[in-house]
Every structure is written in structure tokens, then in C-alpha cells.
Amino acid sequence: MPRHVLVPVDDSDRSTDALEFTCREYPDATITALHVIDPGDFYAATGIEGGAVANYEEIQTQHEQRADALLEQTREEAAEFGCEIETDRVVGGISRSIVTYADEHDVDHITIGSHGRTGASRILLGSVAENVARRSSVPVTIVR
């Protein structure tokens with residue numbers, strides 16, 4: 001049985017499903033919900049091209065505040081499943097940040113929700129869950 005399970009979360013139903021699965025299957029493990037803030041979203045939020053000046057620190061702060069609210073909601077959802085969890089947030093590329101976090105925080109299992117892409121969209125866009133499963137040094141459960 002895993003001792004420390006990492007559950008990457010966003011605001012999707014699939015990440016909630018992964019959290020519920022983890023709470024049911026690994027109730028005695030330490031569970032950490034992780035939200036990764038993609039720095040590419042800071043640039044996308046401005047909608048500005050070229051040499052325009054944008055306040056990226058302010059945009060990052062807004063993303064961090066949204067992440068904190070999401071993680072608070074995640075703690076409440078876990079409590080509904082009978083679990084007390086730890087939460088954390090990082091800034092970086094999503095797949096790489098999840099794998100790095102697991103390596104650096106003594107995680108021995110990752111449970112991640114799949115967004116269920118198939119066909120061309122899966123080939124073109126890739127899958128965070130698939131990338132994590134391929135690169136992770138610990139077992140990964142993908143919840144659909």
C-alpha cells in the first residue's frame with residue numbers, strides 16, 4: 001500500500017474523481033493534492049502581442065489566488081470523502097512539475113484524472129496523464 005499519494009487537481013470532474021478514488025482506496029496514506037499553475041497562462045491572460053508591457057506579477061498573483069481557492073475546495077471535497085489531505089501549488093509545466101514534485105517529496109504513488117481525449121485530439125494535444133505515467137518513477141493510476 002502506498003504511504004504518500006499525490007493527486008494533481010484542477011477544476012475538472014476528472015480530478016475530483018481521482019481524489020475520491022484516492023480517498024477510498026488509500027485512506028491510511030498521506031494524500032497531497034497538487035495544483036500546477038502553467039506560466040504560459042500568464043501570457044495568455046493578457047491577450048497582448050508584441051512589445052506591450054503587462055504586469056505579469058499581478059497576473060501570477062491572481063492565478064495563485066485562484067489556485068488557493070481551488071485547493072481549499074479540494075480540502076472540503078476530501079473531507080466529504082472522510083479524508084484530511086495536504087495541499088500544495090507550484091508554477092511550471094504541468095506534466096514535468098507533477099513528476100518532479102513526486103520525486104522531491106517522497107511520493108510513492110500518483111493518482112491522476114484523465115480528460116478522456118481520444119483520436120486526433122489525443123495525438124495532437126497529448127495527455128497530461130499519459131505524460132505523467134510515461135515519465136514517473138513511481139506507479140500511476142489514471143482515473144477515467
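Two strands count as paired when DSSP finds at least two bridges between them. With that in mind, the predicted model described here can be read from its sheet outwards.

The protein chain holds six helices and five strands, and along the sequence these follow the pattern β-α-β-α-α-β-α-β-α-α-β. The five strands come together in an open sheet, where the order is β3-β2-β1-β4-β5 and the pairing is parallel. At the edges stand β3 (86-91) and β5 (140-143); each has a single partner strand, so one side of each is left without a neighbour in the sheet. From one strand to the next, the twist averages 25°. As a reminder for readers new to such folds, strands of a sheet pair through backbone hydrogen bonds, and the pairing may be parallel or antiparallel.

One pairing can be followed more closely. Strands β2 and β3 run parallel and are joined by six bridges. Here V36 stands opposite V90, a residue of β3.

Two helices can be placed against the strands. Helix α3, spanning residues 56-80, lies across β2 and β3 and runs at about 160° to β3. Helix α6, spanning residues 128-135, lies across β4 (109-113) and β5, and its direction makes an angle of about 165° with β4.

A good residue to visit next is H35, which is found in strand β2 (residues 30-37). Its relative accessibility is 15%, and because buried means under 20%, H35 counts as buried. What surrounds H35, once its neighbours within four places in sequence are left aside? The residues in contact with H35 are V9, D10, A67, L70, L71, D88, R89 and V90. Of these, V9 also offers a polar partner: its backbone oxygen lies 2.8 Å from a polar atom of the H35 side chain. V90, the residue that stands opposite V36, is likewise in contact with H35.

Some totals complete the picture for the chain as a whole. Buried residues account for 41% of the 144 residues in the protein chain. The exposed area comes to about 8,500 Å², of which carbon and sulfur atoms supply 45%. Among contacts between residues at least 6 apart in sequence, 76% join residues at least 24 apart.

Definitions and conventions
Residues are numbered from 1 along each chain as its sequence is written. This is a predicted model: local features need pLDDT of at least 70, side-chain atom pairs count only at pLDDT 80 or more; totals for chains, interfaces and linings use all residues. Side-chain values use heavy atoms; hydrogens and water are left out. Helices (H or I, at least four residues) and strands (E, at least two) are DSSP runs, numbered from the N terminus. Buried means under 20% relative accessible area, exposed over 50%, partly exposed in between (1.4 Å probe, protein chains only). A polar contact is a pair of N or O atoms within 3.5 Å; within protein, one must be able to donate a hydrogen and the other to accept it, and residues adjacent in sequence count only if both atoms are side-chain atoms. Contact means heavy atoms within 4.5 Å. Accessible areas come from the Shrake-Rupley method with a 1.4 Å probe; for residues, only the protein chains shown count as cover. Axes are lines fitted to C-alpha atoms, for helices over the stretch in contact, and angles run from 0 to 180 degrees between N-to-C directions.
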